[in-house]
Structures are given as C-alpha cells and as structure tokens.
Amino acid sequence: VIRCRAAVAWAVGKPLSVEEVEVAPPKAGEVRIKIVATGICRTDDHVLEGCFPNVDFPVIPGHEGAGIVESVGEGVTSVKLGDKVIPLCLPQCGECSFCLNPESYYCQKSHVSEPQNLMPDKTSRFTCKGKQIHHFLWVSTFAEYTVVPEYAVAKIDAAAPLDKVCLLGCGFPTGYGAAINTAKVKPGSTCAVFGLGGVGLSVVMGCKAAGAARIIAVDINKDKFAKARELGATDCISPRDFRKPIQEVLTDMTGHGVDYSFEVIGHADTMTAALASCNMNTGVCVIVGELASGSVISIDPMLLLSGRTWKGTLLGGYKMKDSIPKLVSSYLEKKFNSDLLITHTLPIAKVNEGFELLRAGK
C-alpha cells in the first residue's frame, strides 16, 4: 500500500481537501501509476457542483493526467514498470461490439454505460481516514498515485514531457477531434466556435488543421481573443456587442450560415444558437460542451428538417488506447502546439486555486 496525497471531494459543493490517502496495489489486469501532472478540466468542476451524472462521494476527481507506471497486476502486458503513460477516461477494452466496430469509438465499459466509481470488481483502491474513497472515471488523476484497469491506460513515447502531454488525456483531443473526426471539417469551409476555453481553442486548432478558410471564434470574454487568433481564428466576436441574436450575426457575416459550428460551453441557449448558426442545407453542428445531467433542450424542428445535422461528441471521437500514443507522437513532431493552452502551473496543494482560476475564465 502506498501513502500519498490526493485532492478528495468529500461532498457536493465543498472545496477539495488535500489529504493523505492509501492506494492499494493493483489487482490482476490493473496498473498503478505515479501521476506526474494533471490538467483541471471543466468536467471536474461539474463533479464538484454535483451536475455530472452517477458520481458517488467521497471521490478523487481528475481525469486529464500523465504519469509513470509504478507497478502492474497479474496478466498485464501492454505496459510495464517505468513506462510513461496517459490514463484514459474513455477506456478501450478491445472486445465489446463498439470497440470492434471501426466506425464507433465509445467502449461499452465507459461511464455512460455503467458508472466507473469503483474498479471493475466493484471495490475501491483508495482509502482515507478509514473510509472508502470512490474513483472518478477509473482515473482519479488528482491523486499522486492511482490504479486503473489495463484497458484504461495507454503507453506513450518515453520522450514526451508529462507536464505538457497530460492535456492529451482529455481537453485537447476532445476539441481537436470534434473538428477532425466528428464534424470532418472540409478544406475551404467556414466554422464557428462557441466558447474559447482550453477545449474551444483546441477546436480552433482542429479547424485550422483541417484547412478551414474562415474560423469565427465566439465568446463573451474578450481576453480570450488574442490566443484564439494565435491558434487560427480569423474573426473574434462577442455576443454582447450586438443587439440581435448571435445566430443572426453569424448568418449575416457568412451569407447563409457557417458550414460547421461547435458549442464548447455547455449551455442550452448556446447549443440552440450554434445549431441555428450553421447553414440550413448542409450545416453540421457539434455539441462538445456538457449540460448538467438531466437537462432538456427545446428546438424548432424546422432547424433539422431542412437538412442540418446535429451531433454530439465525447473525447473527440478517438478510440483512446489506439489514438493517444499517435497524438503524443504528433505533438513531439510539432504538428500542433497544445502548450499554448497552458496558462498556469500549480502544485497539488493549490488545486482549489486552480478551480478558482477556471471559474474566473483565466
């Protein structure tokens, strides 16, 4: 058993508490990882607010990390002691009908099918003050050590800087893949991206990589515009600068609406606005942002009857175990610069300060 620090969420609405936890050794088919770096993603904030589905408290959040294999359980073959790895919040078991389908990416062992609050054998590897602590998406990267099933970890290039490629565990592929895989943005097209946080900026990078001719970035926080332009946005607009709805502004700017729109905020009103802002004939709107569990969106069905396509995406449509090592290699080959998404680097003791920066749009 390893004793280490972890940021524990004891209850909904409470700040994280940095505690000493015990991390049990990996059982058969499991891997124990020393987490070197983790990103803070908005999804973790949804957990703390209690609006992420089917999470059990107390829990150790965090799902965007990178680390080094400390030990492996019986039968593990894809990683070994000392390997650099990224734990996968979207597993890839390789055996279910979804994993075997080349066109699908969402493994049936993922959280949407059944909660990942305990390991597959329905026990936890974490205890604190004598209490069982739950896992989050099987990864719990807000702990200095964590245990994951083998099909929820990917070995990456030994040259990868873990404090940079941790973003490739969730935020970057979610946005980049939304453009490349889910929307399949075509060269010369026009795109609109609603929300310029880390994931929205990754969508901008994906649109640019796909050859979009015009990328219109939309956010009420103008402090985000300089970074968006640096990453490929051609226009930056704030809905607060206009009297008419933003979908009408985008339609006026483009003549008939954009070819592709992306909602990367997680609000019902911006989701309907994003749908209405893409052209009625061949427009594709992709939902990337997360609404609170159980939310409902109402739309005018004419928006879809005329031909628009409305899609959702999680983790950018990547089969994670196959794709993350390739994305890390692309990063090392400088095919994209995800380092530009990093604004602050903090020690784990200041994790709550990190969430304050996130909520402040910084």
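So, Ser 202: this residue sits in helix H5, residues 198-209, and helices here, like strands, are DSSP runs numbered from the N terminus, with at least four residues for a helix (H or I) and at least two for a strand (E). Ser 202 is buried, at 0% relative accessibility. By buried I mean under 20% relative accessible area, while exposed is over 50% and partly exposed is in between, with a 1.4 Å probe and protein chains only.

Quick housekeeping. We're looking at a predicted model, where local features need pLDDT of at least 70 and side-chain atom pairs count only at pLDDT 80 or more, though totals for chains, interfaces and linings use all residues. Numbering runs from 1 along each chain as its sequence is written, and side-chain values use heavy atoms, with hydrogens and water left out.

Back to Ser 202. What does Ser 202 touch, leaving aside its neighbours within four places in sequence? The partners are Gly 171, Phe 172, Gly 175, Tyr 176 and Leu 341, where contact means heavy atoms within 4.5 Å.

That brings in helix H4, residues 171-183, whose axis comes within 7 Å of the H5 axis and crosses it at roughly 40°. The H4 and H5 helices are therefore oblique to each other. For the cut-offs: under 35 degrees is roughly parallel, over 145 roughly antiparallel, 65 to 115 roughly perpendicular, and the rest oblique. Axes are lines fitted to C-alpha atoms, for helices over the stretch in contact, and the angles run from 0 to 180 degrees between N-to-C directions.

H4 passes H5 in a right-handed crossing, right-handed being when the near helix is turned clockwise from the far one by less than a right angle, and left-handed when anticlockwise. On the H4 side, the contact includes Phe 172, Tyr 176 and Ile 180; on the H5 side, Val 199, Ser 202 and Met 205 are among the residues taking part. The residues of that contact split into nine nonpolar, five polar and no charged. Nonpolar here is Ala, Val, Leu, Ile, Met, Phe, Trp, Tyr, Cys and Pro, charged is Asp, Glu, Lys and Arg, and the others, Gly among them, count as polar.

Now a second helix pair. H7, residues 246-254, and H8, residues 268-277, have axes that come within 8 Å and cross at roughly 20°. So H7 and H8 are roughly parallel to each other, and H7 passes H8 in a right-handed crossing. Ile 246, Gln 247, Leu 250 and Thr 251 in H7 meet Ala 273, Ala 276 and Ser 277 in H8. Here the split is four nonpolar, three polar and no charged.

H7 turns up again with Ile 237, which lies in strand E12, residues 235-237. Is Ile 237 buried or exposed? Buried, with a relative accessible area of 10%. Not counting residues up to four places away in sequence, Ile 237 touches, among others, Ile 246, Val 249, Leu 250 and Met 253, as well as Phe 225 and Phe 242.

Ile 237 and Cys 89 have C-alpha atoms separated by 33 Å, with their positions 148 residues apart along the chain. Ala 152 and Cys 89, in turn, are 63 residues apart in sequence and 6.8 Å apart in space, C-alpha to C-alpha. Ala 152 is in the loop between strands E8 (145-149) and E9 (153-155), is buried at 0% relative accessibility, and touches Pro 87, Leu 88 and Pro 91, again not counting residues up to four places away in sequence.

Zooming out, the chain divides into domain 1 (2-169 + 319-354) and domain 2 (174-314), with bounds from an automatic or database domain assignment. Their C-alpha centres lie 29 Å apart, and each domain gives 13 residues to the contact.

Helix H1, residues 42-49, is mostly covered, with six of its eight residues buried, including Asp 44, Asp 45 and His 46. Part of the cover is helix H11 (351-359).

Last, some backbone oddities. Most residues other than glycine have a negative phi, and most peptide bonds are trans. Lys 129 is not a glycine, yet has a positive phi of about 55°; Lys 129 is exposed, at 63% relative accessible area. Leu 315 also has a positive phi of about 55° without being a glycine, but Leu 315 is buried, at 10%. And the peptide bond from Phe 57 to Pro 58 is cis, with omega near -10°; Pro 58 is in the loop between H1 and strand E4 (65-72).
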